Structures are given as structure tokens and as C-alpha cells.
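Me: I'm new to reading protein models, so could we go through this one together, a question at a time?

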Amino acid sequence: MDSLAAAPGTGPSTSPLPVLRRSSADERFRRLPAGRTLVMGILNVTPDSFSDGGRFATVDDAVAAGLDLVRAGADIVDVGGESTRPDAERISPAQEQRRVLPVITALAAAGVTVSVDTMNVETAEKALAAGAVLINDVSGAAMAEGMPELVARTGAHYVLMHSRGPVRRQDPRAVYEDAPAEVLDELRALRRRLLDAGVAEEKIILDPGLGFSKTADHDWALLHALDRFTAEGHRVLVGASRKRFLGTLPGTDGPAVPAQERDAATTAVSALSAAAGAWCVRVHDVASSAAAVRVAAAWREGGQ
Ligand code: PMM
């Protein structure tokens, strides 16, 4: 599957884009459940995502899968059209938009809270116009020129994820003396760029970027230090789902568990992230993490 076959009337529009009302993203966020960690369901409309690539032949299939995520308990559906798998080829913005915009339009029209997983300013802008309320940008240090200004201008919420560049196998940039301290410092520098462009502090969501320029040990060190991220005063998102570091759990022998068999470990990370104060977990298997975050909330409340 290279691009999704558009259903009639759902192809990317060439008409002028409506301007996102500054309040609409905030209204949508206010309607999200309070008192527990949120669950973001992953909808990869890519031919090659590392764990669930190439599942959808048509826009309708992808939209149906997004609605299934909501039925399973997703509070937000994250629509991405470009793979972040190691050494993946970058695709053109036009190709990315052909994949994601019709899906975002249909899900937003159905009342779903949608985020767009993109590193591209133009795709982000069109996705917001199509009804997305959150830009999930995994570019990190490679943040595109113009992205801070777009976030400031539209009032969108923005996931600022740590990365030192595109995901690579045996990444030579995955070297840290103290991973949590350095990741936080690098995130603070990127946050500065956003604030200088006029982005409101409360629109920024921090993400340690598990697996992006990191080894498994770095991923565990970051999760261990999650409270240092929440102490920054922003909402924190954790994206551990099915990642490589969950394929070989410390203390286990044998070959790495394949991506599709990492949901039990992912669920444990979701529960512990919720207990550590994460605002949201981004996952493939929504039902198990929806249960995990509710368990964490009930545990914390102690029946109150
Ligand atoms: N990981 C992936 C893609 N997008 N977004 C955020 N905010 N955090 C992440 O950790 C993250 C992400 C890679 O995983 P996928 O290919 O399964 O979506």
C-alpha cells in the first residue's frame, strides 16, 4: 500500500483551508476525562510502521479502525502517515497528506479527538484545518523551521518529543552520561524555541521519546526518572508501545519477543506511567492500556 485509496468525497481538499478557531482545540481538551491518565490510540496509515504497517487498503478501513480504537477506550486517536521505523525513507508532504487528511477529516467529523503525528509544518497545518487538535511532532532536534510559529498562530496543543534525529539502528547518537538530565536539557532548549515564537506554556506536552536515539538502558532510565519530566510543569506523554526495549525484558533469556507480542509489557508500562503522573500513554492495543490507567487511578483514589 503506497497511498490509501480515497473514498468518494474524502480526498484532500484543494479549497481554501478554514482557520482553526483558537478556542476549539482547548474546548476539545477540556472535554477529555479528568482524574486519570489518557489513552492515545495509534492509527498508522503507513505501509511500513514497525509493528502494524500496511493494514488499511482504503480510507474507510482506516477510519473504521480509528473508531474501533475509540470504542476500545482511546481518548485521542493519533493519525500518522510517515513511518518512524529505523532507516525509513522520508515521504513527500503531498504523499503524507494524501494518507492522513481524509482520515483526520472523517474522524474529527465523527467527534473524535484527533492528533496528527507529523514532522512537517504544511501537513500539520492542513491536519489542524481538517479537525486535528494536537500536533504530535517526533522530530526533536530536527524540528522544522516554522513549526513553532504554526503552533503559536493556531493555538494547537503540541507534543514536544525528544529525539536527536531520525530513528536509526545502532544509533551513534544514543550516547549519554546521564540520559534523563541530557534529554531534559535538550527538551528545554527546544521548549525555548517554542516559547520564543509565542507558544503558550500550557500548550506544550513533553515526551522523553523512548527508542529515539536511545538504547534500552536509556529507555529504562528515562521511565525511572519520569517524575523529573512531570516536575517541569507540563503534561507528559509516554510512547512505549511495542518498542524494541520491551522485546527483551531485563532478566529474560532467549530471542527478542516480536513487536505484536509486546502488549503485556506495554500495559505494565502504561500502569506505571499513570502511577508516575503521565498525562497520556500512546499505544497500539488500546483496551489493555485503558484498563491499566483506570486501575492506576482507582489505586491512587483508594475507593474515594
Ligand atoms: N513513537 C513512535 C511514533 N510516534 N510519538 C510520540 N509522541 N512518542 C513516541 O514515543 C512515538 C511517537 C514510533 O512508534 P510507531 O511506529 O509504533 O508509531
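Me: What is the relative accessibility of E301, and does that make E301 buried, partly exposed or exposed?

Reply: Keep in mind that this is a predicted model. Partly exposed covers the range between under 20% (buried) and over 50% (exposed). E301 comes out at 39%, so it counts as partly exposed.

Me: Which residue does E301 meet in a salt bridge?

Reply: Side chains of opposite charge can pair when their charged atoms come close. Here the N to O distance is 3.6 Å, and the cut-off is within 4 Å. The partner has a relative accessible area of 48%, so it is partly exposed too. That partner is R300.

Me: Which residues are joined into one network by salt bridges that share partners?

Reply: Some salt bridges here have partners in common, and those link up into one network. Its members are D185, R188, R191 and E232.

Me: How many salt bridges does the structure hold?

Reply: We've already met the one between E301 and R300. Another joins D196 to R192, with the closest N and O atoms 3.0 Å apart. Counting over the structure gives 17.

Me: How far apart are the closest N and O atoms in the salt bridge of R71 with D68?

Reply: Both residues sit in helix α2 (residues 59-72), and because they are three residues apart, about one helical turn separates them. R71 is exposed at 64% relative accessibility, while D68 is partly exposed at 44%. Their closest N and O atoms are 2.5 Å apart.

Me: Which helix holds both D196 and R192?

Reply: These two are four residues apart, about one turn of the helix. D196 is exposed at 56%, and R192 is partly exposed at 46%. The helix they share is α6 (residues 179-196).

Me: Are the two faces of strand β2 covered or open?

Reply: In a regular strand the side chains alternate between the two faces of the sheet. On one side of β2 sit I76, D78 and G80, and on the other V77 and V79. Every one of these is buried, so both faces are covered.

Me: Which residue in β3 is the bridge partner of V79?

Reply: β2 pairs with β3 (residues 114-117) in the parallel sense, over four bridges. Within that pairing, the partner of V79 is V116.

Me: What is the handedness of the β-α-β crossover from β2 to β3?

Reply: Follow the chain as it leaves β2 and passes through helix α3 (residues 93-109) on its way to β3. This crossover is right-handed.

Notes
Residues are numbered from 1 along each chain as its sequence is written. This is a predicted model: local features need pLDDT of at least 70, side-chain atom pairs count only at pLDDT 80 or more; totals for chains, interfaces and linings use all residues. Side-chain values use heavy atoms; hydrogens and water are left out. Buried means under 20% relative accessible area, exposed over 50%, partly exposed in between (1.4 Å probe, protein chains only). Two strands pair if DSSP finds at least two bridges between them. A crossover is right-handed if, with the strands pointing away from the viewer, the path from the first strand over the helix to the second runs clockwise. A salt bridge is a side-chain nitrogen of Lys or Arg within 4 Å of a carboxyl oxygen of Asp or Glu.
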